[in-house]
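Work through the exercises below with the model open. Each task is followed by a stepwise solution.

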Amino acid sequence: MARRTEQRPDAARTDDLSSTIAALLPALEAFLRFEGADPAGRRSAWRATLDQPLPTRGEGADAVLDALRTILIPNGLRTGHPGFSGWVTTMPTTVAAAANLASTVTAAQRWWATPANFIEQLALRWLATLLGLPASFGGTFTGGGSTANLVCIGAARQHAAERAGIDASRDGIAGLREPRIYASTQVHHVVGRALGVLGMGRRHLVSVPLDDDGVCDVRELRRLFSADIAVGCTPVAIVASAGDVNTGRIDPITEMSDLAREHGVWLHVDGAYGGFGLLDDRVRPLYGDVSRYDSLAIDPHKWLAAPVGTGAAFVRDPDILGRAFTVEPGDYEAPRGRGASSADLTSPFEELGEGTPDHGVDFSTPSRGIAVWAILKEIGAEGMRDRVRRHLDCARRVAEVAHEHAELEVLAEPVLSICCFRYRPNGVTADRELDALNTQIVKDVRARGRCTPSSTIVDGRFAIRPCFINARTTLEDADALVQEVLAAGRARSAKR
Ligand SMILES: *Cc1c(COP(=O)(O)O)cnc(C)c1O
């Protein structure tokens, strides 16, 4: 059905979807086998090929497909390799990727009435149910955990301002005296940025030191909090990490929520990484009473393996999102038809969808819930529970084996799916020497290609840090990682 026969400069292909996508499939399948050397580090090979000036005349669809097939796909990021435990983000599973393709092709939007829009709201409800949030909770999908935290902290700001008689969204926060947000030193740095974006200032994120368990020191939090109140500051929110991305530890949420309640202050929980840990009964009590959270940030593009670009923000009282993220009707719009089937709606569309653009910072967006819905429909709550359990088991296995080996040392006991450990050969005790040795070991292990952990600093010491979150990873891969570290460590030590 080639409609465009004359060769105009706008030769964008609008048909031939099957053959266009089919042209990419062999390369995509090959990529998913993760064969051969990891493409990371081949930048010099493809950079020059891609770095071309803007073409005046289009090069045609085949040139694009060719570049995708030969450059983009084979040099993709192998975060889905079963041995990859380097980051807290991972690759989408197959059905999730297919769902996003379907949604892209059908121009699914967040709030126009289509099945995709209905699914968007349904997926939010499913996600809330999965996490055990009470029915009153509502929210919005976002581009990721960063925006999810921004939306939640925006709601907290609206809440604090309203208590002072100010509509922050309409009037700004000039009248809000010295706003402060409290979080441990391990809080993800996007929370600081949220303060910056929301006009409260990054330096007004009060950093609470860690206690002996490596989580927010609540006594210290109380002290800092009271001292600030005494000099007239406005506490806007207490932010708990569940879990932090370095060690996977979970802040003492119940105690933090007690303090928040005592003062009517917003409790936000950043569960972008670890929120799905709620599904494992072994750690469930650490999350406290979720019905007491004022907001929760969660990242389906992490543990749930939705495509990157899928975060979610939940708040206990969704109405506050509407007040914090109000979009005034434009002069070009009929009076307030949005979300309702208003008779005086001049839009040619009979009805707008469910949900509202007033609940976040996007207006037109892809329908991010499609992938979440697809995944949950495919594997169900039990499937996700199984994945989370398996990954917690992986981290526990690494710790167990490390405890058995005199040459290995656990630096942070696993709580969720992270285990921080290091190689420590007999007789070597100096941290500086061990830091250097383990830095080398991580490089060696990565170069061998079977496993890709990352590293972090725990109590000032360099740690090998696997984060098990990858749908393709099993216990076998956790065992392989320990073996790889032992092999690399022994080889390095023998050379000294
Ligand atoms: C990943 C993460 C973020 C940032 O989320 P993005 O999806 O990368 O934007 C924030 N907080 C925590 C705890 C995270 O794990």
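**Exercise 1. Find the largest nonpolar core and place it among the domains.**

Step 1. The largest nonpolar core holds 61 residues. L127, I238, F276, Y293 and F314 have the most contacts inside it. A core here is a set of buried Ala, Val, Leu, Ile, Met, Phe, Trp, Tyr and Cys residues joined through side-chain atoms within 4.5 Å; buried means under 20% relative accessible area (1.4 Å probe, protein chains only).

Step 2. Helix α13 (residues 369-404) is the top contributor, with seven residues. Helices are DSSP runs of H or I, at least four residues; strands are runs of E, at least two.

Step 3. Domain 2 (97-377) and domain 3 (380-494) both supply residues, so this core lies between them. The bounds come from an automatic or database domain assignment.

The model is predicted: local features need pLDDT of at least 70, side-chain atom pairs pLDDT 80 or more, while totals for chains, interfaces and linings use all residues. Numbering starts from 1 along each chain as its sequence is written, and side-chain values use heavy atoms, without hydrogens or water.

**Exercise 2. List partners of F314.**

Step 1. Set aside neighbours within four places in sequence.

Step 2. Contact means heavy atoms within 4.5 Å. The partners of F314 include L124, L127, F137, C152, D294 and I298.

Step 3. A second, separate core has 33 residues, among them I153, I181, V236 and L321.

**Exercise 3. Characterise the lining of the largest cavity.**

Step 1. The lining residues are P82, G83, F84, S85, C451, F468, T473, D477 and L481.

Step 2. β1 (84-85) and α15 (475-495) each give at least two of them.

Technical notes
Buried means under 20% relative accessible area, exposed over 50%, partly exposed in between (1.4 Å probe, protein chains only). On a 1 Å grid over the protein atoms alone, a cavity is a set of points where a 1.4 Å probe fits but cannot get out, and a pocket is an open set with protein on both sides within 12 Å along at least five of seven lines; lining residues have an atom within 4 Å of a point.
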